[in-house]
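Work through the exercises below with the sequence and coordinates open. Each task is followed by a stepwise solution.

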Amino acid sequence: MENLPLLVPLVIFAPALGAAINFFFGARLEEKWSGYVGCFASLFSFVISLLLLTYVTGANGAAAVVNPPFFDGWLRIESVGLDISWQQRVDSLSVTMMLVVTGVGSLIHLYARGYMHGDKAYPRFFAYLNMFLAFMLTLVTANNFLMLFVGWEGVGLCSFLLIGFWWDKKAPEGWKNSNAARKAFVVNRIGDFGLLMAMFLIFWTFGTLDFYKAGELPNTEAKYLVKWREHNGLLAHVEDKDEEAKDSGQAKEYKCAPATAEAHDDHADAKSDANPLASDIRALHCDNSRFENDMLGVFGQTSARFGQGETVDFGGFQMAFDDVIVLIALFMLLGVTGKSAQIPLFVWLPDAMAGPTPVSALIHAATMVTAGVFILVRSNVMLWELNHGGYVIGLVITLVGAGTALMAGYIALGQWDIKRVLAYSTISQLGFMVAAVGIGAYVAAMFHLVTHAVFKALLFLGSGSVIHGVEHGHHHAREHDRHGHGDDHAEHHDDEEFDPQDMRNMGGLRRRMPITYLTYLVGTLALAGIFPFAGFWSKDEILADAWHEGFELNELSGFIAFGVLLAAAAFTAFYMWRQIVLVFFDKPRSEAARQAPESNGAMLIPLLILAFFSLFIGFINVPKATPLFDGIYHAYEFKYFLEHSLVSVSRGHSLDFNILIAGVALALGIVSIMAAHRVYKGKGLASDNRDQLEAGGASAPLFRLANARLYWDEIYSALIEQPFNRLSRFLADRVDWDFLHDYFHDSLIKRGFDTIGELLSRPFDLGIVDGAVNGLGIVVARAAEWMRRSQTGYVRFYAVALFIGVVAVILLMIMPFIQIMLQSGA
Amino acid sequence: MNPIGTEPYVILSMVLFLLGALGVLMRRNAILVFMSVELMLNAANLALVAFAREWGQVDGQVFVFFVMTVAAAEVAVGLALIVNIFRERRSINIDDLQQMRG
């Protein structure tokens with residue numbers, strides 16, 4: 001049990017391996033097998049995540065920090081003191097995210113086997129999906145900002161690849177897909193800039209990027225920890241030690257042992273210490289005050305140093321520590337608006353629906369877009385300190401979130417594309433989560449993240465099933481038509497115009513696709529927040545926290561969040577019921593809808609499972625004193641689970657069930673649904689394929705505004721894109737071409753170069769350099785010509801030469817003797 | 001002890017050596033050149049033996065044996081070369097062999 005966290009590297013490794021297999025060998029695998037590889041990798045990660053859940057619940061919420069093998073000292077530059085390790089963190093927050101990602105992800109993998117059946121790039125699709133899972137799990141299990149950023153960028157890349165998955169379709173369609181992919185990538189880049197700036201500031205300010213160091217406790221006030229300490233008599237014990245430490249003045253003697261689960265730990269170590277992670281438990285009875293500041297992670301340092309009047313030196317200028325935290329939070333918020341599709345960077349998400357539907361469900365509804373909410377919740381210490389230090393950053397976040405929720409909910413009212421409605425709905429729900437973070441309701445945000453992941457995945461998969469059915473119905477109808485009337489060109493032209501995602505072409509699918517209808521209905525009720533579906537509980541908790549913050553604590557952000565989110569919730573119920581009526585009720589409005597078949601089991605089974613969870617997942621966090629639920633199930637189970645990772649939970653409020661708020665929210669949802677029912681049921685479309693709201697006089701301009709998506713794209717185009725294009729055209733034509741190319745390059749550089757080149761080449765190179773080299777060659781050739789004559793080829797000539805030489809040598813040798821002889825003779 | 005001194009031997013050796021040298025320089029027939037070379041070698045041998053006797057040391061005599069051995073080997077190689085040259089060009093006139101002229 002204690003060693004379970006060591007499995008966490010596998011969570012990333014399995015989908016990475018699956019992606020590699022499908023990428024390199026996918027072409028040689030049968031379709032069936034590449035689907036199995038993808039699904040197996042995903043399910044494997046899910047099983048590991050479940051095991052990790054048992055660890056976290058079994059270890060009293062103690063977090064484990066794991067250093068996977070081969071990654072030791074991932075990024076280390078000793079000379080500047082940079083040492084960032086590839087560390088994974090297993091705590092209740094990361095396990096929650098892992099379960100959402102792998103659980104919903106596995107079901108979507110299973111669904112995609114049916115949905116993508118027959119696609120020519122089937123293995124590539126599963127490779128990308130698995131790669132996405134690997135990066136997303138890197139993001140959620142990271143223990144430092146850099147690793148989180150690797151995952152953050154990786155999921156962005158996978159999002160790009162999967163939005164543009166059908167880039168090779170025929171001309172208008174393919175262009176649309178690849179443009180949507182590029183839009184998503186470019187818009188996200190702006191957000192990534194924000195996250196990068198936040199990371200730079202964090203590193204400069206704290207000297208580390210780690211969330212928490214090993215052995216550090218995120219929340220020393222967690223309820224279970226306190227209980228566990230009391231139970232084991234450790235509280236008193238700790239106080240004793242504190243006394244001793246104070247007396248002896250050696251506080252550091254009792255420093256907490258690092259609770260690192262080193263993957264490469266040998267077993268000898270483990271044996272000597274019955275529980276290798278016991279150091280975690282030991283860590284429980286020391287609080288973080290025993291650490292020096294620079295031994296703490298980012299968040300520990302934040303709570304230790306915030307409000308102490310410190311300054312941070314930026315070389316050229318200085319800044320108050322608290323203000324730096326504000327800057328970090330604002331830059332981080334920019335990153336969040338990119339990834340989690342908030343105002344002002346949400347515009348990429350509706351276009352991202354160009355990707356295959358499983359992708360929309362997995363990446364653009366359930367998991368990737370929640371990364372922004374996750375990073376805010378992970379940084380809850382900073383936000384909590386800021387909120388309680390008198391900064392209005394919480395209000396800013398609330399305004400962004402609540403504004404997004406209302407705006408996107410309104411736009412969703414006027415959309416015709418079944419997936420676009422859901423896309424705007426996703427933006428709206430993400431706004432709920434961000435607003436919840438803004439008012440400090442981090443658990444509510446995570447709770448809504450979990451429930452939303454389930455029912456929005458269900459809705460997207462359901463819409464995929466509908467689209468699949470209508471597409472097939474369309475093929476049927478065309479076949480039938482051909483047989484009946486022969487090949488009609490006008491009809492054929494009409495084919496290419498046919499949009500299987502347009503709700504105007506649907507209607508009456510309730511009878512043709514009963515299971516899809518039922519599951520879709522469950523998802524709709526969950527999203528609309530109807531009792532007892534999942535959305536009811538999570539949305540109610542956000543509203544209750546907003547009420548508490550606003551009406552009981554008199555925070556402005558609470559008032560705003562409560563009012564705006566209530567209105568957004570009413571919109572939610574209305575547009576979802578409009579969709580139900582337009583898609584499933586009344587008479588079919590096209591031949592395709594009339595002949596649409598129900599999808600096959602591979603697609604329906606995930607729908608049924610998700611519908612089941614949409615009904616029951618909300619019970620994980622039932623408030624205290626809820627009628628009907630009081631006593632039969634633990635209250636705030638999820639909250640107590642999360643409080644080990646979130647410092648602010650136990651310092652925050654724990655509210656009882658408020659029947660008034662729940663009643664108002666529920667009544668508002670039901671009223672909205674009834675209103676939508678009255679407007680649309682039995683009437684279908686108004687004349688000219690117009691919406692009922694568009695036909696009715698007073699609501700027509702409102703509908704048109706929503707249908708035009710509030711002109712966001714047009715405004716961005718006029719404000720940013722066109723000036724940008726004009727500027728780049730000016731730079732290209734005038735500055736680059738006319739000035740740099742024609743004048744500077746051609747006139748100045750080229751002519752000058754030619755002149756110098758001419759000078760250098762003729763007199764200098766040809767004259768001096770060549771002359772010297774050639775002259776040397778000629779001299780050598782002449783000398784050789786003259787000397788070769790000595791080689792006659794006659795043996796006797798050589799013999800004479802040799803003889804003369806020998807005689808000369810001998811004469812030289814005997815010369816002294818001759819001299820002596822001559823002298824003596826003389 | 002010995003009626004004849006060393007000088008006559010040395011003079012004879014000198015004469016033989018000069019004869020050999022002149023043969024090498026003036027003859028055109030390769031075999032005769034060869035024989036002249038042998039003559040020079042033996043002149044040298046004679047001088048060596050004579051001086052060895054003069055000094056009463058055995059070194060010179062031993063050296064002569066080596067010279068004779070090497071000369072025998074040289075003759076074998078040289079004659080083989082000459083035979084082959086003759087086969088090739090039907091002549092052993094050394095003035096004909098001047099392909100290496102520069």
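**Exercise 1. The nonpolar cores**

Find the largest nonpolar core of this predicted model and the residues with the most contacts inside it.

Solution.
- Step 1. Take buried nonpolar residues and join those whose C-beta atoms lie within 7 Å.
- Step 2. The largest set holds 231 residues. Those with the most contacts inside it are V437(A), A445(A), V454(A), A457(A) and L565(A).
- Step 3. Ask which helix gives the most to this core. Helix α19 of chain A does, over residues 442-485, with 20 residues.
- Step 4. Take A457(A) as a probe and skip residues up to four places away in sequence. A457(A) then touches V104(A), I108(A), A361(A), A365(A), A366(A) and L610(A).
- Step 5. Look for a second, separate core. That core has five residues, including V24(B), A30(B), V33(B) and F34(B).

**Exercise 2. Chain A in outline**

Describe the secondary structure, burial and contact range of chain A.

Solution.
- Step 1. Count the elements: chain A has 33 helices and seven strands.
- Step 2. Check burial: of its 826 residues, 49% are buried.
- Step 3. Keep contacts with a separation of 6 or more: in chain A, 80% of them join residues 24 or more positions apart.

**Exercise 3. The shape of chain B**

Why is chain B more spread out than a compact globule?

Solution.
- Step 1. Read along the sequence: chain B runs α-α-α, with three helices and zero strands.
- Step 2. Compare radii. The globule rule gives 13 Å for 102 residues, and the radius of gyration of chain B is 17 Å, well over that value, so chain B is more spread out than a compact globule.
- Step 3. Add the extents: the C-alpha trace of chain B spans about 55 × 25 × 25 Å along its principal axes.
- Step 4. Check burial: 13% of the residues in chain B are buried.
- Step 5. Check contact range: at a separation of 6 or more, 46% of the contacts in chain B are between residues 24 or more positions apart.

**Exercise 4. The contact between the chains**

How many residues does each chain bring to the contact?

Solution.
- Step 1. Chain A brings 12 residues and chain B brings 11 residues.
- Step 2. Sort the chain B side that touches chain A: six residues are nonpolar, three polar and two charged.

**Exercise 5. Confidence in chain A**

Where does pLDDT stay under 50 in chain A?

Solution.
- Step 1. Start with the whole chain: chain A has a mean pLDDT of 85, and 88% of its residues reach 70 or more.
- Step 2. One stretch under 50 is residues 235-286 of chain A, with 73 contacts beyond four places in sequence.
- Step 3. Residues 486-494 of chain A are also below 50, with three contacts in the model beyond near neighbours in sequence.

Terms used: Residues are numbered from 1 along each chain as its sequence is written. Chains are lettered from A and ligands numbered from 1 in the order in which they are written. This is a predicted model: local features need pLDDT of at least 70, side-chain atom pairs count only at pLDDT 80 or more; totals for chains, interfaces and linings use all residues. Two residues are in contact if their C-beta atoms, placed from the backbone, lie within 7 Å. Ala, Val, Leu, Ile, Met, Phe, Trp, Tyr, Cys and Pro count as nonpolar, Asp, Glu, Lys and Arg as charged, and the others, Gly among them, as polar. Helices (H or I, at least four residues) and strands (E, at least two) are DSSP runs, numbered from the N terminus. A residue is buried if 20 or more other C-beta atoms lie within 10 Å of its own, exposed if 12 or fewer, and partly exposed in between; C-beta atoms are placed from the backbone. The radius of gyration is taken over C-alpha atoms; the globule rule is 2.2 Å times the number of residues to the power 0.38. pLDDT is the predictor's confidence in each residue, from 0 to 100.
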